[in-house]
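User: Please take a close look at one helix in this model and at the packing around it. A single connected account would be preferred.

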Amino acid sequence: MPELPEVETTRRGLLANVQFLKIRAVTCRNRQLRQPISPDFETICQNCKILDIERRSKYLKIILEDKGYILIHLGMSGHLRILPDDTPAAKHDHVDIYLSNKHMIRYTDPRRFGMVNWYDLSEAEHPLLKRLAPEPLSTAFDAHYFHQRCINKTQVIKKIIMNNQVVVGVGNIYAQECLFLSRIHPQRPAGSLTYLECERLVEQIKVVLTKAIQQGGTTLKDFKQVDGKPGYFTQTLFVYGKAGTSCQSCHSELELLKIDNRSTTFCPNCQI
């Protein structure tokens, strides 16, 4: 699944290519995504100017002049690309947004777990956005806030940092990497973490996500940047997908366990 760095990479790539362009037309080939695309989506978006593209958690908001915004989620396997507007569509190319420069934004999603739709609700009113926790790279997400959210919690720490009501956007890949670099076992009860451990984990979350964004995210199977290139953070992973290999710090064998049916790799020696 594309996580926060992949979505932020997509946002930046799109913004550089489409800001202040007009939408000439929209083609929807399959309306049955995670939420059905509204029947008036094409009509509403036509002739609208794109003012900006924002990100909230893993959602992208294409801000339209005087017309609300297009909300996009990439789901498990979705991606957006900038292509010439005469590029033939393939099987899983569900939505094309044609632009005034003879290019288009193409939404591709083999599993159809993502979404594309138009809204004019404020973030505080939108049912998918209003309860989201602070952004991990914001000043609101700091050691004091995080320690308060961990106190007396029996839930394991990996689940806490992947909870969008605690902090948004820390998915499975980056949760494993941040816990390894913080030397914290993924099954530790959140309430057992000291303030200093919370401080260390918050710092690593910010560092890892920032580095991942700088390297264009992580490409495992489906993710591509808007120009079709992969994300290069894959080359710097310490533990994700490396069970059975040697820890880069202590050379112990990395182990695998399941937390909420998600594979989690960790070092039994470094992470306590």
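Analyst: Helix α5 is followed by R183, whose phi is positive, near 60°. Helices here are DSSP runs of H or I with at least four residues, strands are E runs of at least two, and both are numbered from the N terminus. The model is predicted, so local features need pLDDT of at least 70 and side-chain atom pairs count only at pLDDT 80 or more, whereas totals for chains, interfaces and linings use all residues. Residues are numbered from 1 along each chain as its sequence is written, and side-chain values use heavy atoms, with hydrogens and water left out.

Helix α5 spans residues 172–182 and is largely enclosed by the rest of the structure, because 10 of its 11 residues are buried (under 20% relative accessible area, 1.4 Å probe, protein chains only). The buried residues include N172, I173, Y174 and A175 at the start of the list, and also Q176, E177, C178, L179, F180 and S182. They pack against α1, α4 (157–161), α6 and β10 (262–266), where contact means heavy atoms within 4.5 Å.

Two of these partners, α1 and α6, also meet each other. The axes of α1 (residues 4–18) and α6 (residues 195–214) come within 9 Å and cross at roughly 40°; axes are lines fitted to C-alpha atoms over the stretch in contact, with angles from 0 to 180 degrees between N-to-C directions. That makes α1 oblique to α6 (not under 35, over 145 or 65 to 115 degrees). On α1 the contact is made by L4, P5, E8, T9 and R12, and on α6 by L209, A212 and I213.

Conventions
Buried < 20%, exposed > 50% of the residue type's maximum accessible area, 1.4 Å probe, protein only.
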